Amino acid sequence: MPDLTALRRPLAAAGLTLAALAAPAAAEQIGEVDTVWKLLGANHKIIVEAFDDPKVEGVSCFVSRAKTGGVSGSLGLAEDTSDASIACRQVGPIRFRDELEEGEEVFGRRASVLFKKVQVVRFFDRTRNTLVYLTYSDKLIEGSPKNSLSAVVIRKWDDQPAD
């Protein structure tokens, strides 16, 4: 029987690379502010995070979202509220790295232990040549209608040569 050990590592690395490309973007925390002081556990906060669209080079989004504190929040057992806001901007020449899917999740964060998630999905409005980003929360049984929207018009970047 042939030894497959040498093949396993490259295949595993290739699989992880493909999974990372298909996964929503990782975010970098930009800052936070306390909104409610809690005697025990962490304070309630608003977290500000930034992420780059994984399939669209040159677009960054900034999301603010509520983070529940207290003892249950500190233990990761609290459910965060559905309050979130988003602003997306063109930060360089826009290049599509891959085919875009309508309503594709580009960012997500857990908002409760099991059932709630704050996410950002992307749409492409071909008529207006605009990328549209929507943030909202969903829950296994019932989501929230609270949402926020941002749009990025695709334009020539100053460093790009004219077509």
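How many bridges join E1 to strand E2? Point 2 has the answer; here are some notes to help you find your way around.

1. **What you are looking at.** This is a predicted model. A good place to begin is the open sheet, in which four strands follow the order E1-E2-E3-E4 with antiparallel pairing. Strand E1 (28-36) and E4 are the edge strands; each has a single partner strand, so one side of each has no neighbour in the sheet. On average, and ignoring direction, neighbouring strands of this sheet are turned by 15° against each other.

2. **From E1 to E2.** Seven bridges join E1 to strand E2, which covers residues 44-52, and the two run antiparallel. If you want a pair to look for, Glu28 stands opposite Ala50 in E2.

3. **From E2 to E3.** Strand E3 spans residues 56-67 and is joined to E2 by eight bridges, again antiparallel. The connection between them is a hairpin that passes through three residues. Phe51 has Cys61 in E3 as its bridge partner.

4. **From E3 to E4.** Here nine bridges link the two antiparallel strands. Phe62 finds its bridge partner in E4, namely Ala87. Another residue of E4 is Val91, which counts as partly exposed because its relative accessibility is 46%. Val91 and Cys61 are 30 residues apart along the chain, and their C-alpha atoms are separated by 9.7 Å.

5. **A salt bridge within the sheet.** The structure holds eleven salt bridges. One of them pairs Lys45 with Glu32, with 3.1 Å between the closest N and O atoms. Since Lys45 belongs to strand E2 and Glu32 to strand E1, the pair ties together parts that are 13 residues apart in sequence. Lys45 is buried, at 18% relative accessible area, whereas Glu32 is partly exposed, at 40%.

6. **Salt bridges that reach further.** Glu104 pairs with Lys55, their closest N and O atoms lying 2.9 Å apart. Glu104 sits in strand E5 (residues 104-110) and Lys55 in the loop between E2 and E3, so this salt bridge ties together parts 49 residues apart in sequence. Are these two residues buried or exposed? Glu104 is buried, with a relative accessible area of 13%, and Lys55 is buried too, with 7%. Both belong to a network of salt bridges that links Asp53, Lys55, Glu101, Glu104 and Arg122.

7. **Glu57 and Arg97.** These side chains meet in a salt bridge at 4.0 Å, N to O. Glu57 lies in strand E3 and Arg97 in the loop between E4 and E5, so parts 40 residues apart in sequence are tied together. Glu57 is partly exposed, with a relative accessible area of 31%, while Arg97 is exposed, with 51%.

8. **A nonpolar patch on the surface.** Trp37, Leu39, Leu40, Val71, Leu75 and Leu77 make a nonpolar surface patch of about 740 Å². Take Leu75 as a landmark: it lies in the loop between helix H2 (70-74) and strand E4 (84-96). Leu75 counts as exposed because its relative accessible area is 60%, and exposed means over 50%.

9. **A detail in strand E7.** Do have a look at Thr130, which is found in strand E7 (residues 130-139). Its relative accessibility is 7%, so Thr130 counts as buried. The side chain of Thr130 reaches the backbone oxygen of Arg128 at 2.8 Å.

Technical notes. Residues numbered from 1 in each chain as written. Predicted model: local features only at pLDDT ≥ 70, side-chain atom pairs only at ≥ 80, totals over all residues. Heavy atoms only, no water. Patch = residues over 30% accessible without salt bridge, like charges linked within 9 Å, V, L, I, M, F, W, Y side chains within 5 Å. Areas by Shrake-Rupley, 256 points an atom, 1.4 Å probe, with all protein chains shown as cover. Buried < 20%, exposed > 50% of the residue type's maximum accessible area, 1.4 Å probe, protein only. Pairing = 2+ DSSP bridges. Axes fitted to C-alpha atoms, helices over the stretch in contact; angles between N-to-C directions. Polar contact = N/O pair within 3.5 Å; in protein donor to acceptor, adjacent residues only side chain to side chain.
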